[in-house]
Number of protein chains: 2
Amino acid sequence: MNIVFKALNDPTRRMILEMLLKKDLTAGEIVEKFKISGPSISHHLDLLKQAKLVVAEKEGQFIYYSLNTTVVDEIMKWFIQFKSKKN
Amino acid sequence: MNIVFKALNDPTRRMILEMLLKKDLTAGEIVEKFKISGPSISHHLDLLKQAKLVVAEKEGQFIYYSLNTTVVDEIMKWFIQFKSKKN
DNA sequence: ATAATATTTAGACATTTGACTAAATATATA
DNA sequence: TATATATTTAGTCAAATGTCTAAATATTAT
């Protein structure tokens with residue numbers, strides 16, 4: 001849980017998630033969309049992977065990144081408890 | 001949005017939110033539940049307040065903290081887009 | 001008015017974070 | 001095999017974060 005909130009606590013990483021919502025992308029394609037260096041993006045991708053928010057799959061010399069929405073379910077459950085609060 | 005994710009990215013602050021789910025508490029009551037110093041908790045409460053996740057209300061010499069769930073709605077909306085992803 | 005209680009503000013300090021460049025690794029192509 | 005391409009790993013550095021103690025502020029009680 002901790003690592004997921006940590007992964008979400010960065011605008012670049014959230015942007016990456018939103019991009020992957022539209023379609024899977026290679027690391028290089030993701031790098032192109034930002035002004036940030038490749039290694040920095042690679043680090044962001046690693047954090048997202050650690051949080052299991054994305055999955056990396058190697059295809060030849062490329063690595064495709066895609067969303068893994070199962071973790072989102074868990075986060076949602078955490079939030080839902082607040083939704084049911086009686087005001 | 002940024003500030004909300006930031007506020008949520010700390011186990012102490014998430015714990016405080018969960019405590020406030022049960023009932024409103026004064027700053028002092030919250031401090032008692034942790035091993036962390038008063039000023040540190042005060043700082044956490046300030047961040048939660050900035051994110052509008054909690055509301056502070058002064059009653060005499062006490063300050064009562066309570067949840068503000070409207071921000072949770074916004075966060076949920078952000079997550080829901082991932083839920084509707086077709087795998 | 002003085003003292004006690006509740007809470008925050010200020011300043012210091014170690015750790016974590018996000019960025020960078022340079023180097024390493026892995027795959028594809030000439 | 002040598003070279004180009006894709007991506008990560010390693011190491012450095014400034015800025016942000018979470019903690020602390022000491023001091024300030026506000027309210028209540030003696």
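## The DNA-facing surface

Helix α4(A) makes the largest contribution to the surface near DNA strand D, giving 6 residues. Keep in mind that this is a predicted model, in which local features need pLDDT of at least 70, side-chain atom pairs count only at pLDDT 80 or more, and totals for chains, interfaces and linings use all residues. As for labels, residues are numbered from 1 along each chain as its sequence is written, while chains are lettered from A and ligands numbered from 1 in the order in which they are written.

In total, 25 residues surround strand D, and the closest are Gly28(A), Pro39(A), Ser37(B), Pro39(B) and Gly60(B). Elements giving two or more residues to this surface are α3 (27-32), α4 (38-50) and β3 (62-67) of chain A, plus α4 (38-50) of chain B. "Near" here is a matter of the C-beta atom, placed from the backbone, lying within 6 Å of the strand. Helices (H or I, at least four residues) and strands (E, at least two) are DSSP runs, numbered from the N terminus.

What is the make-up of this surface in nonpolar, polar and charged residues? There are 8 nonpolar, 14 polar and 3 charged ones. For that split, Ala, Val, Leu, Ile, Met, Phe, Trp, Tyr, Cys and Pro count as nonpolar, Asp, Glu, Lys and Arg as charged, and the others, Gly among them, as polar.

## Two copies, one axis

A turn of 180° with a shift of 0.0 Å along the axis lays chain B on chain A, with an RMSD of 0.0 Å. That's the relation of a two-fold axis. The superposition is by least squares on the C-alpha atoms of residues with pLDDT of at least 70 in both copies.

The interface fits this picture: 100% of the interface residues of chain B are also interface residues in chain A, so the copies meet through the same surface. Contact means C-beta atoms, placed from the backbone, within 7 Å.

## Helix α5 and its cover

In chain A, α5 covers residues 70-83, and its 14 residues should span 20 Å at 1.5 Å a residue; the end C-alpha atoms are 20 Å apart, which agrees. (The expected span is 1.5 Å times one less than the number of residues.) α5(B), also with 14 residues, has an expected span of 20 Å and end C-alpha atoms 20 Å apart.

The buried residues of α5(A) are Val71(A), Val72(A), Ile75(A) and Phe82(A). Buried means 20 or more other C-beta atoms within 10 Å of a residue's own, exposed means 12 or fewer, and partly exposed is in between, with C-beta atoms placed from the backbone. Their cover includes α1 (2-8) of chain A along with α2 (11-22), β3 (62-67) and α5 (70-83) of chain B. Over in chain B, Val71(B), Val72(B), Ile75(B) and Phe82(B) are the buried ones of α5, and α2 (11-22), β3 and α5 of chain A plus α1 (2-8) of chain B are among what covers them.

## Strands and a positive phi

In chain B, β2 (residues 54-59) pairs antiparallel with β3 over 6 bridges, and Val54(B) has Leu67(B) as its bridge partner. Strands pair if DSSP finds at least two bridges between them. The β2(B)–β3(B) hairpin leaves 2 residues between the strands, and Gly60(B) in the turn has a positive phi of about 65°. β1(B) (residues 25-26) also runs antiparallel to β3(B), joined by 2 bridges, with Leu25(B) partnering Tyr65(B).

Lys52(A) has a positive phi too, near 60°, despite not being glycine. Lys52(A) sits in the loop between α4 and β2 of chain A and, with 14 C-beta neighbours inside 10 Å, counts as partly exposed.

Conventions
Two residues are in contact if their C-beta atoms, placed from the backbone, lie within 7 Å.
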